[in-house]
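Subject: A structure for you to look at

Hi,

Here is the structure I promised to pass on to you. Have a look at it first, and my notes follow below.

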Amino acid sequence: MVALLRIAIGLLIALGASGVARAQRAGAVVVPAAEPAIDPVALAAALAGVGVDAPDALDVALAARRAGAEPRARVAQFAKVAAVVAEGWRAYVAADPEFAAARLAAARTAAEDLLTLDGGLEVYADASLRLGVALLHLGRTEAASDALRLAHALDPARPVTTADFTPDAVDAYERAHASAGPQLDVRIDALTGAAVAIDGVEVGPAPIATAVTAGAHVVVVRHPRYRPRAVAIEVTAATPLVALELEPDRDTLAVAGAAAVGLAGLGDVDAARAIDVTLTYAELDEVLVVASIVRAGAPAVLGQRCVGGRACTAVVEVGYLEPAGLPAALGQLRARLARAEPRYGVILVDDPRVTRAPVRIGGGCARCRRRWYWIGGGVAVAAAAVALTILATSGDGAPSLTIDPGDFTAP
């Protein structure tokens, strides 16, 4: 496991240093409209046809989060810890055990943040093992034995031989994990029912009292819908209780809620969080928030481009004449959005063109607006007209109308 982890870390460092640019990745979130021109599934399929990598970005992000995916920045912490361990071990080999012990202790402390991740226990164990060897060289035998015992408890399958360590270090390691130190009772208090693991071994649901060897241990607590929590503890007669508070897994809750309602039922804060989480866990550079509507009796698409939950463009509208024109309309929408400045929140979900269905008057025009809108709303229409650009086209179903609302919001 540790060997594989080192390979992965090496690859991560190599890729980061290579300067190879990653292609921009775009995802999409389809917002259901009160009266869509096409259904959301068909719109998502059309988005895939114009080069959107993840037309179901919310579902992709939710699946990744539930599978235990973590942000790249947090995974990169593995490489940072490995670098500090390497620095400390070089100092030990160069006969500077004081500096080595200081750096290895710092590495072990930093590795505490990784204990809830796959491979985190092994990284913490490696830092603890090397710290124990450095402490042994300094004559601090009790602290060295405690660090070596913990290293074995966390990664018992790791071979510790004279191929990597001095004979006295190997002997000290064997004695440390073979000895049975004094047992002390400790109580782990956390959210009721949370799974509690001590040194990588699950001991039962919280709250729980158990006996452990005096000295250093790591405790990990997990519960569905909550973020896991890990802490390194020193068990003595004076520390009979360890209390751990768990925080709700707001990332998973936000994207799950958005996937269920397509952003439409979320408030501004939750919608912004859902976009941020989607960008992170679906590994996207931008998310297109898109809706299909009927405008003046003809189909149209609305869209925003978001590079953050609170960094989205204004809403842009592109109309088209017939179903065959949808791909060209979406292509034009993407081009327009690419030039727009992201300076808004997720405002498309509350846009009246999305939330209000056209009103049918009597038995006549099937998609006419309210009469008062056309007669009494002249001021609003005049303001909107400033932002209208009409694009004339010819007969193959290409987009016929684009609207750039700027700062204008229709009533």
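The count of cavities of 30 Å³ or more comes to two in this model, which is a predicted one. The second largest cavity has a volume of about 30 Å³. Its lining is made up of Ala125, Leu129, Ala151, Asp155, Arg158, Val160 and Tyr173. Sorted by class, five of these residues are nonpolar, two are charged and none is polar.

There are open spaces as well. The second largest pocket holds about 460 Å³. Its lining takes in 20 residues, and Arg65, Arg66, Gly68, Pro228 and Asp249 are the ones nearest its centre. Two or more lining residues come from each of the helices α3 (57-66) and α10 (250-261), and the largest share is that of α10, with three residues. The class count for this pocket is nine nonpolar, seven charged and four polar residues.

Next, a pair of helices. If you find α8 (residues 141-154) and α9 (residues 167-178), you will see that their axes come within 8 Å and cross at roughly 75°. An angle of 65 to 115 degrees counts as roughly perpendicular, so α8 and α9 are roughly perpendicular to each other. On the α8 side, the contact is made by Ser145, Leu148, Arg149 and His152, and on the α9 side by Ala172, Tyr173, Ala176 and His177. By class, the contact of α8 with α9 has four nonpolar residues, three polar ones and one charged one. You have already met Tyr173, which also lines the second largest cavity.

Now to the sheets. Four strands make an open antiparallel sheet, in the order β4-β3-β6-β7. At its edges are β4 (201-205) and β7 (229-235), each of which pairs on one side only. From one strand to the next, the twist averages 25°.

Which residue in β7 is the bridge partner of Val219? That partner is Val231. The strands concerned are β6 (residues 215-222) and β7, which pair in the antiparallel sense over seven bridges. Helix α8 turns up again here: it packs on the sheet and touches β6 and β7, and its direction makes about 35° with that of β6.

At the other end of the strand order, β3 (residues 195-198) and β4 run antiparallel and are joined by four bridges. Val196 is opposite Gly204 in β4. These two strands, β3 and β4, form a hairpin with two residues between them, and Asp199 in the turn has a positive phi of about 55°.

There is also an open sheet of three strands, with the order β5-β2-β8 and mixed pairing. Its edge strands are β5 (208-213) and β8 (241-243), and each has a pairing partner on one side only. The twist here averages 30° from one strand to the next. Strand β2 (residues 183-189) runs parallel to β8, and three bridges join the two. To see the pairing for yourself, look for Arg187, which stands opposite Leu241 in β8.

Finally, a few words on the backbone. Most residues other than glycine have a negative phi, and most peptide bonds are trans. With that in mind, two places are worth a visit.

- Where is the cis peptide bond with an omega of about -10°? It joins Ala206 and Pro207, and Pro207 is found in the loop between β4 and β5.
- Ala95 is not a glycine, yet it has a positive phi of about 65°. You will find Ala95 in the loop between α5 (77-93) and α6 (97-111).

If you would like a route through the model, you could start at α8, which is in contact with α9 through residues that include Leu148 and His152. From there you can move to the sheet on which α8 packs, by way of β6 and β7. The strand order β4-β3-β6-β7 then takes you across to β4, and the loop between β4 and β5 brings you to Pro207. After that loop comes the sheet with the order β5-β2-β8, in which β5 is one of the edge strands.

Happy exploring, and do write back with any questions.

Best wishes

Conventions: Residues numbered from 1 in each chain as written. Predicted model: local features only at pLDDT ≥ 70, side-chain atom pairs only at ≥ 80, totals over all residues. Heavy atoms only, no water. Pairing = 2+ DSSP bridges. Axes fitted to C-alpha atoms, helices over the stretch in contact; angles between N-to-C directions. 1 Å grid on protein atoms, 1.4 Å probe; cavity = no way out; pocket = protein on both sides within 12 Å on 5 of 7 lines; lining within 4 Å. Points joined across faces, edges and corners; volume = space filled by probe spheres on them. Nonpolar A, V, L, I, M, F, W, Y, C, P; charged D, E, K, R; others polar. Parallel < 35°, antiparallel > 145°, perpendicular 65-115°, else oblique. Contact = heavy atoms within 4.5 Å.
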